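User: Please take a close look at a single part of this structure and describe it for someone new to it, explaining each term as you go.

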Amino acid sequence: MPQDILINVTPFETRVALVEQGSVQELHIERSIQRGHVGNLYLGKVVRVLPGMQSAFIDIGLERAAFIHVADLRQNRHERSSGGTLTPIEKLLFEGQSLMVQVIKDPLGSKGARLSTQISIAGRMLVYLPYDPHIGISQKIESEQERLALRERVANLLPEDEKGGFIVRTQASDASDEELRADQSYLRTLWTSIQAQAKTQPTPSVLHTDLTLAQRVLRDMVGPDTGTILVDSRITTQQLLEWARVYTPSVESRVKHYSGDRPLFDTANVDDEIARALSRRVDLKSGGYLIIDQTEALTTVDVNTGGYVGGRNFDDTIFKTNLEAAQALARQLRLRNLGGIIILDFIDMDDPEHRSAVLAELNKALSKDRTRMTVSGFSQLGLVEMTRKRTRDSLAHQLCEPCPTCQSRGNVKTARTLCYEILREILRESRQFNPREFRILASQAIVDLFLEEESQHLAMLGDFIGKPISLEVERIYSQEQYDIVLM
Ligand SMILES: [Zn+2]
């Protein structure tokens, strides 16, 4: 099925939408503020060597000079891992020297960035170690057999002239030889260009930064089904074209600058789709709906029929709603990027054929998703359990924070509950204090209720404590916020 990729660029944020047949299937967002310096390569200049601290300050062009410790110089790699004596820093660095360095820790407060000369460059499946001829496997790939097999495959793919090594990332566990080879050759090309730049650039300068979201899209998301990649910034389009020419030449012809009058994301209603992907309820065309709840441990999806279902076509209506729900929820999992354990609670179906048809529909809908997943059959309780690999943060985690009004319960106390809470509070305070008057500062809804339906109760309390009680609307208060002021 043909897909288009829309890239919306602003100075503060880049947003990417994958659109299939006019509907958004996937969303990716990267904020400039989240991009640190870790992993970046610089050509730096040694400004001071401190033999007493066995460290040195290096100017890499950031506000504050960066810092390198003797143990992070690659000449000491063997000594460091074998516990041998390190070559002292004053024998390895001198003031004024140019040096290729990588940031291993971001600057924080008054501290400069921390650097290393043991370079590593992350690709999609592999991490390239140009100075370290070893092959390492991610700890997260647990099976010993799988680790051995991967090590052998990566070793076999190594070009004869390769002097460096690779770390195999968790993402590589189900990669094909072709994907591994493509990643190897990408990283080697990148390294060659970094080295060339290091010879010609002035000091200090940036030699390499982690890929931007837009670049990762070209590298990871574009496939044979991809139609055009529309970018709404002329500068970014130019940069992407230059990058694509070197690293993903097959993609170059598909990158286009979008200069239409309507905002790019409006052309596919992406912003509406984002709003829907953040809401708990997803409406289905048949009138049914999904309720999606995300907690720390798991996500549950509850399928509901819309309103009353009865009569002769009862089973049929439920079956159709579940089929539609299977498609909608597969799409929502991808759009929201929900990971971990997911429990699907379809509407109960008695007919085993209906159950297997719904399961088949679900698997079919999930097959469009490139993320690794497992799906169980219906459990005894009629639930389908599935897992979806956690990659980046979910959309909700990226864009939202816990609601301060309801403390993330999803509900707020009713205005009447709050009125009674306030009345009890005034009674309690009247025993403790002796003001001339009590004044309630509360939201409009609370004050309205006190002025109308609850005016009797308020008046009774005033008589009982023998003090006037006045009301004042505090516009900035949420429903659950109030103050009782002693006048
Ligand atoms: Zn809330």
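Analyst: Counting disulfides, each being a pair of cysteine sulfur atoms within 2.5 Å, gives a total of zero. The model is predicted, so local features need pLDDT of at least 70 and side-chain atom pairs count only at pLDDT 80 or more, whereas totals for chains, interfaces and linings use all residues. Residues are numbered from 1 along each chain as its sequence is written, and side-chain values use heavy atoms, with hydrogens and water left out.

Turning to the metal site, the zinc ion is coordinated by the SG atoms of C403 and C406, at 2.1 to 2.3 Å. Donors here are N, O and S atoms within 2.8 Å of the metal (3.2 Å for Na, K and Ca), and because water is not among the atoms, sites may look incomplete. As for the surroundings of these two cysteines, C403 has a relative accessible area of 33% and is therefore partly exposed, while C406, at 8% relative accessibility, counts as buried. In these terms, buried means under 20% relative accessible area, exposed means over 50%, and partly exposed lies in between, using a 1.4 Å probe and protein chains only.
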